[in-house]
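Hi everyone, thanks for making time for this. I'd like to walk you through one structure, with the sequence and the model up on the screen as we go. Feel free to stop me along the way.

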Amino acid sequence: MRYVIDRIEGALAVCAGEDGSRCALPLEELYESPREGDHFVRENGVCRYDPEATEQARRRNLLLQRRLFEEY
């Protein structure tokens, strides 16, 4: 399943799944240097960072922010 890291609290990454589920995973179960907003896939207990999905989401969010602030 696909997840995004919502926030990091201490040694846990609070994540949102593509199905709307939420979970908290120990940072040591993730890939190296996880960050808020990262997208990853978890299969058979193994987490794999998805740089393309992460970059796409960051660009989409940046465009939305620009549009929002240009209106004001």
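Let's begin with one strand pair: β4, which covers residues 39–43, runs antiparallel to β5, and four bridges join the two. Before I go further, please keep in mind that this is a predicted model.

Now let's zoom out from that pair. Five strands make up an open sheet, and reading across you get β3-β2-β1-β4-β5, with antiparallel pairing. Which strands stand at the edges? They are β3 (22–26) and β5 (46–49); each has a single partner strand, so one side of each has no neighbour in the sheet. From one strand to the next, the twist averages 40°.

The helix comes next. Helix α1 lies across β1 (2–9), β4 and β5, and its direction makes an angle of about 145° with β4.

One residue in that helix deserves a closer look, and that's Thr-54. Thr-54 sits in α1, which spans residues 51–70. Is Thr-54 buried or exposed? Its relative accessible area is 1%, and since buried means under 20%, Thr-54 counts as buried. What does its side chain reach? The answer is the backbone nitrogen of His-39, at 2.8 Å. If you set aside neighbours within four places in sequence, the contacts of Thr-54 are Gly-37, Asp-38, His-39 and Tyr-49.

Just before the helix there is Asp-50, in the loop between β5 and α1. Asp-50 is buried too, with a relative accessible area of 8%. Not counting residues up to four places away in sequence, Asp-50 touches Arg-2, His-39 and Phe-40. So His-39 turns up in both contact lists, the one for Thr-54 and the one for Asp-50.

On to the charged side chains. How many salt bridges does a search of the whole structure find? It finds seven, and I'll show you a few of them.

Let's take Arg-58 and Asp-38, whose side chains meet in a salt bridge at 3.2 Å, N to O. Arg-58 is in helix α1 and Asp-38 is in the loop between β3 and β4, so this pair ties together parts that are 20 residues apart in sequence. The two partners have their own surroundings: Asp-38 is buried at 3% relative accessibility, while Arg-58 is partly exposed at 27%. You may remember Asp-38 as one of the contacts of Thr-54.

Then there's Glu-29 with Arg-42, another salt bridge, at 3.5 Å from N to O. Glu-29 belongs to the loop between β3 and β4, Arg-42 to strand β4, and 13 residues separate them. Both are partly exposed: Glu-29 has a relative accessible area of 36%, and Arg-42 has 27%.

The next one is Asp-6 with Arg-22, where the closest N and O atoms are 3.4 Å apart. Here strand β1 holds Asp-6 and strand β3 holds Arg-22, 16 residues apart. Asp-6 is partly exposed, with 36% relative accessible area, whereas Arg-22 is exposed, at 51%. These two also belong to a network of salt bridges that links Asp-6, Arg-7, Glu-9 and Arg-22.

Last topic: the aromatic rings. The count comes to three aromatic pairs. Tyr-3 and Phe-40 form a stacked pair, 5.5 Å centre to centre with 20° between the planes. Tyr-3 is in strand β1 and Phe-40 in strand β4, so the pair ties together parts that lie 37 residues apart in sequence. Both Tyr-3 and Phe-40 are buried.

What about Tyr-31 and Tyr-49: how far apart are the ring centres? They are 5.1 Å apart, and the planes meet at 40°, so this pair is tilted. Tyr-31 lies in the loop between β3 and β4, and Tyr-49 in strand β5, so here the parts tied together are 18 residues apart. Tyr-31 is buried, with 13% relative accessible area, while Tyr-49 is partly exposed at 31%.

And that brings us back to the strands we began with, because Phe-40 stands opposite Tyr-49 in β5, and ring pairs link Tyr-3, Tyr-31, Phe-40 and Tyr-49 into a cluster. Thanks for listening, and I'm happy to rotate the model for anyone who wants another look.

Notes. Residues numbered from 1 in each chain as written. Predicted model: local features only at pLDDT ≥ 70, side-chain atom pairs only at ≥ 80, totals over all residues. Heavy atoms only, no water. Buried < 20%, exposed > 50% of the residue type's maximum accessible area, 1.4 Å probe, protein only. Polar contact = N/O pair within 3.5 Å; in protein donor to acceptor, adjacent residues only side chain to side chain. Contact = heavy atoms within 4.5 Å. Pairing = 2+ DSSP bridges. Axes fitted to C-alpha atoms, helices over the stretch in contact; angles between N-to-C directions. Salt bridge = Lys/Arg side-chain N within 4 Å of Asp/Glu carboxyl O. Phe/Tyr/Trp six-rings, centres within 6.5 Å; stacked < 30°, edge-to-face > 60°.
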